[in-house]
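Here is a friendly briefing to read alongside the structure. It goes through a few helices first and then some single residues.

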Amino acid sequence: MPHRFLRYQAADGQRLRHGFDLVRAQLSVPTDFPAEVLADAETAVREPTLPDLDRTDIAFVTIDPPGSMDLDQALHIARRPGGYRVHYAIADVAAFVRPGSPLDVEANARGMTLYLPDARTPLYPQSLGEGAASLLPGVTRPALLWTLDLDRSGEGVGIDVRRALVRSRAQLSYEQVQRALDTDTAEGPLELLREVGRLREQREAERGGISLPLPEQDVVETSGSFQLVFRAPLPVEGWNAQISLLTGMAAAELMLYGEIGLLRTLPAAPEHAIKRLRRVARALQIDWPPEDSYAEMIRTLDPRLPRHAAMLNECTSLLRGAGYTAFAGGVPELATHAAVASEYAHVTAPLRRLADRYTGEVCLALCAGTAVPDWARVTLPVLPERMHQADAHASRVEAACVDLVEAAVLADRVGERFSGVVVDVKERGEGGVVQLTEPAVRGRVEGR
């Protein structure tokens, strides 16, 4: 298995922790929950609303980064006559959070979990998000149980979602699952994850969708210092993401049919943005034939190669403009997500993202043929702006942390020469962005 960490540089841990504290202070990142929210969480943990349906017979597993405790999703895949059956359990946060409660108010103010290199700022208190609501192994949990039937080609042919009790059998990491698949020691459901994941990737290609195998620029802590890392995703991460996309597309289908909900939308990229990306490809010596589409070019890129990694990072520019669209009593004019090349909704991460608690509730009601609860329906119109603000806040926090570590990495290397690639140029040619090959730093440059 190729090494996932493409390049890194260590930086002093103590000074950076102080810097991260300054980021939290300057960008108003909460460091704790108010006492009334913590008390409400403890009550919720003791008094959840549990469903009658028991599906603890399904042998679910979770697949997440090592050390994760806020486990939103658990997976099981089986064969069925004519195709496959995907069971996808999503943490039922609404089983614990009462509308209008301190927990609810605080979650609406936060919007999403924030991740800093030295600590995370969760959407919900630890007793809930990493405890009673998390799909941890060996314990029974309330969940939204999605049952998605696929034909032999991986195309969806059936959708159901309802509340149920579930029990995960194992908490696995991406590395564990990839190793098991590579060594032919993976058991049935994990083998089927690869099989179904590949089929869903084929369906994605056919409809013109894209999934960026984007090298993540991470700041990771190791032995008291912090490292700046470009991490190439494993194949299993893409297959697992396809199950989440499948569920989000199924949710969007339900909501559009019921004419109420909250979609994740993205308009098609303008022509000038495509032309700019072609210029970047030429600069990076990436072969992009004129007849090939943006999506076709992306599928030729290998995130383990530095030039390809830089190109993938530039490709994210065509994903700008994504937002949330709420609707009721009709369907929105823009209902699609250009990267997914389909209608799509966020429903699979309610422990980390506010909107998913509401979209899950809408889908439950539509599948059962009942009215959407008032607490979810009346909040839908304000969720796009709340999520926009939360997304923007998270982006500012992440950028500030990466900038801080980049500065620390380069602090004692003033005067050195580095190899790199100019990946963007201002329209007037008076500066741009350069991607260094080593260390993993990207920065603005001034001058013609």
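**A helix pair, three helices and four residues**

The axes of helix α8 (residues 271-283) and helix α10 (residues 306-315) come within 10 Å of each other and cross at roughly 170 degrees. Angles over 145 degrees count as roughly antiparallel, so that is how α8 and α10 run relative to each other. Please keep in mind that this is a predicted model.

**Where α8 meets α10**

- On the α8 side, the contact is made by R276, L277, V280 and A281.
- On the α10 side, M311, E314 and C315 take part.
- Sorted by class, the contact of α8 with α10 has five nonpolar residues, two charged ones and no polar ones.

**Helix α11, a largely enclosed helix**

- Helix α11 covers residues 355-368, which makes 14 residues.
- From its first C-alpha to its last, α11 reaches 20 Å, close to the 20 Å expected at 1.5 Å a residue.
- Eleven of the 14 residues of α11 are buried, so the helix is largely enclosed by the rest of the structure.
- The buried residues of α11 are A355, D356, R357, Y358, T359, G360, E361, V362, C363, L364 and A365.
- Just after α11 comes G369, and its phi is positive, near 75 degrees.

**Helix α2, with a buried side**

- Helix α2 (residues 35-46) has twelve residues, which should span 16 Å at 1.5 Å a residue; the end C-alpha atoms are 17 Å apart, in agreement with that.
- Which residues of α2 are buried? They are V37, D40, A41 and A44.
- These buried residues cover an arc of only 105 degrees around the axis, so they sit on the same side of α2.
- The buried residues of α2 pack against α3 (102-110) and α4 (126-132).
- On the face of α2 turned away from its buried side you will find the exposed residues A35 and R46.

**Two buried residues in strands β11 and β14**

- R264 lies in strand β11 (residues 260-265).
- Is R264 buried or exposed? Its relative accessible area is 13%, and buried means under 20%, so R264 is buried.
- Setting aside neighbours within four places in sequence, R264 is in contact with A322, G323, Y324, H337, Y344, A345, H346 and D391.
- S342 has its place in strand β14 (residues 342-343).
- With a relative accessibility of 13%, S342 counts as buried.
- Again leaving out neighbours within four places in sequence, the contacts of S342 are R207, M249, T336 and H337.
- H337 is therefore worth finding in the viewer, as it appears among the contacts of R264 and among those of S342.

**Residues that meet distant parts of the chain**

- G431 is found in strand β16 (residues 431-436).
- G431 counts as buried, at 8% relative accessibility.
- G431 and R448 are 17 residues apart along the chain, and their C-alpha atoms are separated by 5.9 Å.
- T316 is placed in the loop between α10 and β12 (323-328).
- At 24% relative accessibility, T316 counts as partly exposed.
- T316 and L212 are 104 residues apart along the chain, while their C-alpha atoms are separated by 8.0 Å.
- Not counting residues up to four places away in sequence, T316 touches L212 and L214.

Definitions and conventions
Residues are numbered from 1 along each chain as its sequence is written. This is a predicted model: local features need pLDDT of at least 70, side-chain atom pairs count only at pLDDT 80 or more; totals for chains, interfaces and linings use all residues. Side-chain values use heavy atoms; hydrogens and water are left out. Axes are lines fitted to C-alpha atoms, for helices over the stretch in contact, and angles run from 0 to 180 degrees between N-to-C directions. Angles under 35 degrees count as roughly parallel, over 145 as roughly antiparallel, 65 to 115 as roughly perpendicular and the rest as oblique. Contact means heavy atoms within 4.5 Å. Ala, Val, Leu, Ile, Met, Phe, Trp, Tyr, Cys and Pro count as nonpolar, Asp, Glu, Lys and Arg as charged, and the others, Gly among them, as polar. The expected span of a helix is 1.5 Å times one less than its number of residues. Buried means under 20% relative accessible area, exposed over 50%, partly exposed in between (1.4 Å probe, protein chains only). The arc is that of the directions from the helix axis to the C-beta atoms.
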